[in-house]
Amino acid sequence: MTYSDTIGVMDSGVGGLTILKELVQVLPSSKFIYFGDTANLPYGCRSKEEILFFNKNILNFFLTLGVKDVVIACNTTSALTYEDLEKEFSPKGLRIFPLIQSIAHDAAEGLKSGDCICVLSTAATAKSGKYASEIKKVNPDLKVVEIPCPGFTEIVENRLYGAKESYIAIEDRMKIALENKAKRIILGCTHYPYLLDLLSEFAPREIFFNPSKSLAKSVSKVIKNTNDKGDVDFYITKDPDEFKNSAKMFFEINKEVKCIKMPEFSRV
């Protein structure tokens, strides 16, 4: 099988499947490869040095398959390593679509100077300040508050929607958004759309912004459907059975998930 007309989608685990789902909807006859770096998840608590190492290995793997277009379906990767990856891999023929940078315009659209956008995200994404810097390129007069949300990913992956602790954790983070009179709240992690029912107990559902849909729209403006039947291949780096089971809430997988070994990170 040739992958020269295939779109690569990369994430640390299953969360990026929320973006893959949107991509398949707007590009239904395109071919995709989804790569989940399950041996190294979660990226949200990793250093930039580690994440960059993992990302380079993934992109080199895509290159061996002849892939030319890659979507970064991970907020943390987009925040910490996109510029480095673009600098190294663009000359090698890879066109990279980063999550945060691609959706900043849509995230700011319709807001006026002085309005506040709050971003719910992992600690690493929040610490990077990337959402604020990208949104302010669109409108420097917007207020952007990035809110780290420890435990949110675990609520989704462990399906703890009804747990008292989950409600308390979400209420605590949403208090910050409400105190800042947020006009828009960005779901700045690919898991967070699955928390929307809980989040909307504290703020109107219509003010929440899902970057997955915006990113898919951005990609579809550049890449057009092929004339082939749409298809997705899946590669992960650990526990294919667990990946397939966890993926059920995000995307229906009806084929083999291939597990490959990638180089391990070392500071030596």
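Colleague: How much space lies in the largest pocket?

Modeller: About 470 Å³. Keep in mind that this is a predicted model. Of the 31 residues lining that pocket, Pro 42, Gly 44, Thr 122, Thr 153 and Cys 189 are the closest to its centre.

Colleague: Which helix gives the most to the lining of the largest pocket?

Modeller: That's α8, with four residues. Helices α3 (75-80), α6 (123-128) and α8 (152-157) each supply at least two. By residue type, the lining splits into 14 nonpolar, 14 polar and three charged.

Colleague: And what is the volume of the second largest pocket?

Modeller: About 230 Å³. Its lining has 13 residues, with Thr 38, Leu 41, Glu 157, Glu 242 and Ser 246 nearest the centre. Helix α12 (residues 240-247) brings the largest share, four residues. Here the split is three nonpolar, five polar and five charged.

Colleague: Now the sheet. How do I read it, and what is the order of its strands?

Modeller: In general, strands of a sheet pair through backbone hydrogen bonds, either parallel or antiparallel. In this model, four strands form an open sheet in the order β6-β5-β7-β8, with parallel pairing. β6 (143-148) and β8 (208-209) are at the edges with a single partner strand each, so one side of each has no neighbour in the sheet.

Colleague: How many bridges join β5 and β6?

Modeller: Six, with β5 covering residues 116-121. One to look up is Cys 118, whose bridge partner in β6 is Val 145.

Colleague: Which strands does helix α9 lie across?

Modeller: α9 (residues 164-179) lies across β5, β6, β7 (184-188) and β8, and runs at about 170° to β6.

Key: Residues numbered from 1 in each chain as written. Predicted model: local features only at pLDDT ≥ 70, side-chain atom pairs only at ≥ 80, totals over all residues. Heavy atoms only, no water. Pairing = 2+ DSSP bridges. Contact = heavy atoms within 4.5 Å. Axes fitted to C-alpha atoms, helices over the stretch in contact; angles between N-to-C directions. 1 Å grid on protein atoms, 1.4 Å probe; cavity = no way out; pocket = protein on both sides within 12 Å on 5 of 7 lines; lining within 4 Å. Points joined across faces, edges and corners; volume = space filled by probe spheres on them. Nonpolar A, V, L, I, M, F, W, Y, C, P; charged D, E, K, R; others polar.
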